[in-house]
Amino acid sequence: MRPTRNCPWNKCAFCSLYKGEKFQIRKVEEIKGDIDAVKRIEELIKEGSDEVNKVPRRCLTMVFAWVRSGKRTVFLQDSNTPIMRTSQLVEVIEYLRETFPAIERVTSYARSKTIARKSLEDLSELKEAGLGRLHLGLESGDDDILKMVNKGVTAEEHIEAGQKALEAGFELSEYVMPDLGGRELFEEHALNTANVLNKINPDYIRMRPLSVRKGTKLYEKWEKKDFQLSSPHERLREIKIMIKNLEVSAKLCFDHRLNGWRDKSGNRLFKVDYEGYELPEEKDLLLSLVEEGLRVDESHHLDVRKLKTPSL
Ligand code: SF4
């Protein structure tokens, strides 16, 4: 569902996802109209009605897949839907849950800045209405790096947002971007990110290694050689520092293709799994995997510096 469209910030130096697109908060009635439309399509499918042929193919495929999967989860798009007025978002979520009582989980991406600015009461209201999981783009816990990439948020605000989200009862994923400090700031990036994560203690830490996309400010810097991407082994060394310094009870996940390191047999070094590795229990296992990756020749690992069409 898209209660909002695009990104209200749209200035991160590494991101091209919504470049040139205007941010919009949609009207509650319009969003409810989307929910009603999904319900109607579901009914047409169940009735085997010919009317279903009038539904645009893309909508039909999406609704069909969602219904067939049990209608259990919903993701609120785009990048920062919690920026909506709380009362309006509560109305949307309640309507969604009334219309589809089988829904078990509603998730949203959000900016730490927005969550830090919301009151605990507002966040608790959203939780109560049925928003259960938040994905926050931490990227880094280092203030110099956050400033360099124009993230528009400080380490302290990341901590405030994360802690508040957990206090309101959300299940929390923090997205970390290995190599965001490049060769120059890898150590600060690793140490300060671990430090921020330790203070938040989220449920999930999800690794999204940096790739520089054409059209972004970071790409320009990289082309001018003002920013240096790390090699696959250097990235692993950075991750090793972060893992060593993590003191969290969380799951660390490498659930993205850019985590493209290989083990000695040529398989993925880290499992690509939404549940990842348990910390602290599997910390030693993770560190031994990093060591294994460091013993594998660099040419076998994914090197984003060589990607022709780097993607997020
Ligand atoms: S990374 Fe997220 S907050 Fe930053 S511009 Fe992209 S979508 Fe917006």
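The exercises below, each with a worked solution, concern a predicted model. Local features need pLDDT of at least 70 and side-chain atom pairs count only at pLDDT 80 or more, while totals for chains, interfaces and linings use all residues. Residues are numbered from 1 along each chain as its sequence is written, and side-chain values use heavy atoms, with hydrogens and water left out.

**Exercise 1.** Determine which residues surround the ligand and classify them.

Solution. Take a residue as near the ligand if one of its heavy atoms lies within 4 Å of it. The shell then includes Cys7, Asn10, Lys11, Cys12 and Arg111. Next, sort the shell by class: five residues are nonpolar, two polar and three charged. Here Ala, Val, Leu, Ile, Met, Phe, Trp, Tyr, Cys and Pro count as nonpolar, Asp, Glu, Lys and Arg as charged, and the others, Gly among them, as polar.

**Exercise 2.** Locate the cis peptide bonds that precede Asp78 and Pro280.

Solution. The bond from Gln77 to Asp78 has omega near -5°; Asp78 belongs to the loop between strand E3 (73-76) and helix H3 (86-99). The bond from Leu279 to Pro280 has omega near 10°, and Pro280 sits in the loop between strand E9 (277-279) and helix H11 (283-295). Helices (H or I, at least four residues) and strands (E, at least two) are DSSP runs, numbered from the N terminus.

**Exercise 3.** Is Glu139 buried or exposed?

Solution. Begin with the backbone: phi of Glu139 is near 65°, a positive value in a residue other than glycine. Glu139 is part of strand E5 (residues 133-139). Glu139 counts as buried because its relative accessibility is 7%, the limit being under 20% relative accessible area (1.4 Å probe, protein chains only).

Methods. Buried means under 20% relative accessible area, exposed over 50%, partly exposed in between (1.4 Å probe, protein chains only).
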